[in-house]
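Let's take a walk through a protein together, starting on the inside and ending at the surface. Have the structure open and follow along.

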Amino acid sequence: MSEFSLDSISFARRIRNSARDRRLAAMHEAGHIVIAWHLKIPTMWAEIRKIEPQDYTEKEWVGSVQPLVEGVEASKRMMVAVAGMVAEACWKREPFGELYDRLEMSPESMSLPDWEMSGCCPGEPTEEFWDATEHIFELLNRPCGRLWNSLSKQARLLIVNSRFGAAPSGDNEASGFAP
């Protein structure tokens, strides 16, 4: 008789899901950081942190980043806003068409703060929104995006900082961000 039980399968699945949530949260926040850096917009801090989900459908890891976008032109704010969602899609190797369809069908797949930063109402993306999303997708895309390596490095840094309980990172220089 094997000592392997359904409880251990469930435990292993929970560990995998938590690790996936952590990577997605790190990629999402790293997307904002890397695009802000690319556009020469400083960030005040960034972090990912584990939370206690209310049920099995909620994420265990969330993140936040504070780019200094006040006074920044609307097109650049929009690019920083969509960068998190796009970075997640690129990490999952999701084609741009699927990202487009997902957002059209489920506007809540982009967070309310990101919608607000974009200047669009949730579920009401403009032509400029889609142009910014496509441009960021080209920059962060795995196969050919010139910022993919920077995105990966920044996501790893966020994960490492979360493991050691580090305080939220400050500006790009202080957080160890190296493009």
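Here is a guided look at the core, two loops and a patch of charge. Keep in mind that this is a predicted model.

We begin with the interior. In soluble globular proteins, nonpolar side chains tend to be buried together. In this model, the largest nonpolar core has 48 residues. Those with the most contacts inside this core are Ile35, Met85, Val86, Phe129, Ile136 and Leu140. Which elements supply at least two residues each? Among the helices are helix 1 (6-38), helix 2, helix 3, helix 4 (112-118), helix 5 (127-140) and helix 6 (148-163), and strand 1 (43-50) and strand 2 (61-67) do so as well. Helix 2 gives the most to this core, with 12 residues.

Now let's move to the loops. Between helix 1 and strand 1 you will find Lys40. Its phi is near 65°, a positive value in a residue other than glycine. Is Lys40 buried or exposed? Lys40 has a relative accessible area of 73%, so it counts as exposed.

The loop between helix 2 (74-91) and helix 3 (96-105) holds Lys92, and Arg93 lies in the loop between helix 2 and helix 3 too. Arg93 is not a glycine, yet it has a positive phi of about 60°. With a relative accessible area of 59%, Arg93 is exposed. Lys92 counts as partly exposed because its relative accessibility is 32%, and partly exposed means between 20% and 50%.

Finally, look at the surface around Lys92. There, Lys92 gathers with Arg20, Arg23 and Lys59 in a patch of positive charge.

Key: Residues are numbered from 1 along each chain as its sequence is written. This is a predicted model: local features need pLDDT of at least 70, side-chain atom pairs count only at pLDDT 80 or more; totals for chains, interfaces and linings use all residues. Side-chain values use heavy atoms; hydrogens and water are left out. Patches are made of residues with over 30% relative accessible area and no salt bridge: like charges are joined within 9 Å, nonpolar side chains (Val, Leu, Ile, Met, Phe, Trp, Tyr) within 5 Å. Accessible areas come from the Shrake-Rupley method with a 1.4 Å probe; for residues, only the protein chains shown count as cover. A salt bridge is a side-chain nitrogen of Lys or Arg within 4 Å of a carboxyl oxygen of Asp or Glu. Lys and Arg count as positive and Asp and Glu as negative; His and the chain ends are not counted. The place of a charge is taken as NZ of Lys, CZ of Arg, CG of Asp or CD of Glu. Helices (H or I, at least four residues) and strands (E, at least two) are DSSP runs, numbered from the N terminus. Buried means under 20% relative accessible area, exposed over 50%, partly exposed in between (1.4 Å probe, protein chains only). A nonpolar core is a set of buried Ala, Val, Leu, Ile, Met, Phe, Trp, Tyr and Cys residues joined through side-chain atoms within 4.5 Å.
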